[in-house]
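Colleague: Please show me the model, and then I will ask about a few helices and side chains.

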Amino acid sequence: MTATDTTCTTATDTTALDVTGARTPEAAGVISGARERIDALDDRIIGLIQERMAVSAVVQEARIASGGRRVNLSREMEVLGHWSDALGRPGTALAMTLLELCRGRI
């Protein structure tokens with residue numbers, strides 16, 4: 001790179017640009033950092049979902065042991081409403097997936 005050439009990028013910059021879809025090294029850096037944060041958040045969310053599944057199994061076991069049904073539909077409607085209120089229609093879809101993951105694991 002010459003003193004007047006400011007467009008030179010390293011192989012690392014080019015790879016980061018390719019991977020992120022960014023058009024500048026600065027944007028690629030921002031995107032890479034944000035993606036690392038997203039990956040960390042995803043790991044936490046997965047852990048929380050696994051914890052939710054375990055707690056749900058305890059609830060289901062207690063309900064069945066007491067002579068009740070495995071699933072309580074009125075409670076599921078409460079959960080759906082909570083997620084829908086917080087996140088709209090996509091929240092309902094997420095809640096449905098959570099409920100599906102948490103049913104019948106005992």
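The exchange below covers one helix, its salt bridges and one threonine.

Modeller: This is a predicted model, in which local features need pLDDT of at least 70, side-chain atom pairs count only at pLDDT 80 or more, and totals for chains, interfaces and linings use all residues. Residues are numbered from 1 along each chain as its sequence is written, and side-chain values use heavy atoms, with hydrogens and water left out.

Colleague: How far apart are the end C-alpha atoms of helix H3 (residues 73-87)?

Modeller: Helices here are DSSP runs (H or I, at least four residues), numbered from the N terminus. The expected span is 1.5 Å times one less than the number of residues. For the 15 residues of H3 that gives 21 Å, and the end C-alpha atoms agree, being apart by 21 Å.

Colleague: What arc do the buried residues of H3 cover around the axis?

Modeller: Buried means under 20% relative accessible area, exposed over 50%, and partly exposed in between (1.4 Å probe, protein chains only). The buried residues of H3 are Glu76, Val79 and Leu80. They lie on the same side of H3, because the arc they cover (taken from the directions from the helix axis to the C-beta atoms) is only 100°.

Colleague: Which exposed residues does the face of H3 turned away from its buried side carry?

Modeller: The buried side has cover that includes helix H2 (25-65) and helix H4 (89-102), contact meaning heavy atoms within 4.5 Å. The face turned away from it carries the exposed residues Met77, His82, Asp85 and Ala86.

Colleague: Which residue forms a salt bridge with Glu76?

Modeller: A salt bridge is a side-chain nitrogen of Lys or Arg within 4 Å of a carboxyl oxygen of Asp or Glu, and the structure holds two. In one, Glu78 meets Arg75 at 3.2 Å, N to O, both in helix H3 and three residues apart. In the other, the closest N and O atoms are 2.8 Å apart, and the partner of Glu76 is Arg103.

Colleague: Is Thr20 buried or exposed?

Modeller: Thr20 sits in helix H1 (residues 11-20). Not counting residues up to four places away in sequence, Thr20 touches Ala28, Ile31, Ser32 and Arg35. Its side chain also reaches the backbone nitrogen of Ala22 at 3.1 Å. The relative accessible area of Thr20 is 11%, so Thr20 is buried.

Terms used: Helices (H or I, at least four residues) and strands (E, at least two) are DSSP runs, numbered from the N terminus. A polar contact is a pair of N or O atoms within 3.5 Å; within protein, one must be able to donate a hydrogen and the other to accept it, and residues adjacent in sequence count only if both atoms are side-chain atoms.
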